[in-house]
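I opened the notebook with a plain plan: cores first, then one helix, then a hairpin, then the aromatic rings. One loop residue goes last.

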Amino acid sequence: MTNKKKNVRELDPFLDREREQYEHPLPSREYILQLLEKQGVPVAEEELCHMLHIDEHETELFTRRLRAMERDGQIMRNRKRAICVMNKLDLIKGKVQGHPDGFGFLIPDDGSVDLVLSAKEMHKALHGDTVVVRETGTDRRGRREASIVEVLEHATQRLVGRLYEEHGIKFVVAENRRISQDILVAPGEHVGAQAGQVVMLEILQQPSKKAQPIGRIVQILGNYADPGMEIEIALRKHDLPYEFPADTKHQAEKIPDQVLPEDYAGREDLRQLPLVTIDGETARDFDDAVYCEPHANGFRLVVAIADVSHYVKPGDALDKEALNRGNSVYFPRRVIPMLPEKLSNGLCSLNPHVERLCMVCDMQISAEGEIESYRFYPSVMFSQARLTYNQVADMLVHPQGEAAQKFAAVLPQINHLHTLFKTLLQAREKRGAIDFETIETQMIFTDQGKIDCIVPLVRNDAHRLIEECMLAANVCTANFLSERKHPVLYRVHEGPTPEKLEAVREFFKEFGLDLGGGEKPEAGDYAKLLKQVKGRPDAALLQTVMLRSLRQARYCPENNGHFGLGYDAYTHFTSPIRRYPDLLVHRAIKAVLNNEQYKPKEKWDALGIHCSLTERRADDATRDVEAWLKCFYMRDHLGSSFEGTISSVTGFGLFVALDDLYIEGLLHVSELGADYFHYDATKHQMLGERSGKRYRLGDRVRVTVVRVDMESTKLDFVLDLPAGEMPTKDVAAKKPKKAKKTKEHHD
């Protein structure tokens, strides 16, 4: 290295960092930006290389660094290919969010207000692309508008869609409606796919200002109405990993089928303790077992959780794929597990009458339901029984019944668990946890894989009993790790934003009700208000408004508490088979027990963001599948009338949830009557300008199904007479056929 070159390079303030990372260090990004800003004008790449004394053998690596800086929005090239510093150009970097109607938004990386992208601008990019834009003004609604200057990174390389053909030209319409552009199929690249079929397409040419995207078909999935096609589409639309890589399967195959004697080392022996699992009838993976015994001052509660961390080690093939998936995904009639079946249904499932390794939270709980002490330890257990929620509920109601006699050996401890449950419920009420009354549903399927009927899931005391036991173990876990200052992903649920708090208070004023707590209400304030509205005819409306004022729960390394449950600290310990954050928690507990600290390869905040995103991804995918199945079911009820409840109010109409069917559809504003209707977001209502007719969240209406759109999975209704003024056509109440049920699972 020449002296001149050496002197220039050594001025780099981040040179030591670069030397640690690379054998032959290049100028750091920060130093490159510093030099470019100092020049005050765009700089040609050759000139920049000369300034930094980049040797010929370094040119390729240096060019790669510049490309990476372009992708990250630090620099860009002008029309003369000169390099510009992005923040000098008054450009904004962010991600494109498409809208099904053709326009879109730019979600800025800096967190500033979103910008509108017109349909014309959206021809330059696809949903999810990273771009830089220039603000161009405001639209007629006062929103910031922008034009796309350059696409930095294309997010979509493959997509699932439906093939169409017009005038001999083949094109694919993406299943993801946020991608509103048709993708042309290159000549001869259709692999025999027929119009109407669902296909996987690889994009060969991304969209630009003057050209549509072009692709080639790489896989034919089948016809739109084929059994299970809705799941195949959802897997690909949401980029869900659904096949285990070869190295993951190979590692799983090498794991023994049974617990080995050498695995007992360092574990407490609980094989004589009558632990039992309690799950749904169709459950196949059992990740938690419970035991309870009373004593003079309260109870001992033992929650044993499958020790997944014994088999899945940091950085191995199983771990990498589990992190990639983030969680198991539960579709109707199909599960995409986080771990291969050998673990999820085998060694890491607490099956009855076999030895299993577990992590235990052993708690002492007072007669008032307060957790007085707890300890964590690795153990080996032997489940005495695999019980279902319905069996346990029957044992509690009929202590001499068939189920009670069949499981007589564990009946005493089931009764102890129930007594503890009632004690924990009192503590829950005292703590002020919010207990919204919501209806969960279950689809009953025919042998052909289509919905036969939809029924409500009735939660009995057995469901709630297990829930309280899991809550107790999760709270102990959060306290254990926070007191020892060990990093972990907390399950965070924050209270309402100031804007939502103001809106919900304004709404409740109309009803003569008030949400207490001032500027920072607590869960107890919500619980108190819930008590006041219980039993009112408008209780469902008021509860829905309260529920929608709260934020969504997420994973985060900062302990911001769990608002809804009323806990200062809360995390997930109880399902490491199907949730990656729980696996991280187990590793953290083991590290603390060994006087160590678990340090994952990724940063904790990045892990929290990733696991929250995979959870949302799973929710979106299952919602898509359920919507498709419901639409397919409703094709047989086109023209039928139903009574229902307004479940949501928007500027373009009302969403109505049909009684008994638990299916929602749109009642468009144009169908509300000969009037101008105005949307009031604060009051959750549509109000007729001339007639004064009001449609509010929670109101009862009667509608007719006039359109079932399978492609957009939407139902359209028209308004009939108000509910109750004419008899309801009995469509949903038909006796269901004997059919398969969906998988149940508890959180």
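The entries below follow that order.

**Entry on the model.** I am working from a predicted model. I number residues from 1 along the chain.

**Entry on the cores.** I asked which residues have the most contacts inside the largest nonpolar core. They are Phe 331, Phe 508 and Met 634, in a core of 68 residues. I then looked up which helix gives the most to this core. Helix H19, residues 604–634, does, with nine residues. I noted a second, separate core as well. That second core has 49 residues, and Val 303, Cys 361, Met 395 and Leu 411 are among them.

I went back to Phe 331 for its contacts, skipping residues up to four places away in sequence. Phe 331 touches Ile 231, Ala 234, Leu 235 and Leu 240. Phe 331 also touches Ile 336, Ala 621, Thr 622 and Val 625.

**Entry on helix H15.** I took the helix at residues 498–509 next. H15 has twelve residues. From first C-alpha to last, H15 reaches 17 Å, close to the 16 Å expected at 1.5 Å a residue. Which residues of H15 are buried? I list Leu 501, Val 504, Arg 505, Phe 507 and Phe 508. Seen down the axis, the buried residues of H15 fall within an arc of 160°, so they line one face of the helix. I checked the face turned away from that buried side. There I found the exposed residues Pro 498, Glu 499, Glu 502 and Lys 509.

I also wanted to know what covers the buried residues of H15. The cover includes helix H16 (523–533), helix H17 (539–548) and strand E31 (694–696).

**Entry on a hairpin.** I looked at strand E15, residues 288–295, and strand E16, residues 298–306. They run antiparallel, and eight bridges join them. The hairpin from E15 to E16 passes through two residues. I picked one bridge: Pro 294 has Phe 299 in E16 as its partner.

**Entry on aromatic rings.** How many aromatic pairs does a search of the whole structure find? I have 14 in the list. I wrote down one tilted pair, Phe 507 and Phe 511. Their rings are 5.1 Å centre to centre, with 45° between the planes. Phe 507 has 0% relative accessibility, so Phe 507 counts as buried. Phe 511 has a relative accessible area of 19% and is buried because the cut-off is under 20%.

I added an edge-to-face pair, Tyr 598 and Trp 604. Here the centres are 6.2 Å apart and the planes make 80°. Tyr 598 is buried at 11% relative accessible area. Trp 604 counts as buried too, at 13% relative accessibility.

I logged one aromatic cluster. Its members are Tyr 374, Phe 376, Phe 480 and Phe 573.

**Entry on Tyr 567.** Where does Tyr 567 sit? I found Tyr 567 in the loop between strand E25 (554–556) and helix H18 (580–593). Is Tyr 567 buried or exposed? Tyr 567 has a relative accessible area of 13%, so Tyr 567 is buried. I listed its contacts, not counting residues up to four places away in sequence. Tyr 567 touches Arg 431, Leu 471, Val 475, Gly 561 and His 562. Last, I checked Tyr 567 against Lys 693, 126 residues apart along the chain. Their C-alpha atoms are separated by 44 Å.

How values were computed
Predicted model: local features only at pLDDT ≥ 70, side-chain atom pairs only at ≥ 80, totals over all residues. Heavy atoms only, no water. Core = buried A, V, L, I, M, F, W, Y, C linked by side-chain atoms within 4.5 Å. Buried < 20%, exposed > 50% of the residue type's maximum accessible area, 1.4 Å probe, protein only. Helix = DSSP H or I, 4+ residues; strand = E, 2+ residues; numbered from the N terminus. Contact = heavy atoms within 4.5 Å. Expected span 1.5 Å × (residues − 1). Arc of directions from axis to C-beta. Pairing = 2+ DSSP bridges. Phe/Tyr/Trp six-rings, centres within 6.5 Å; stacked < 30°, edge-to-face > 60°.
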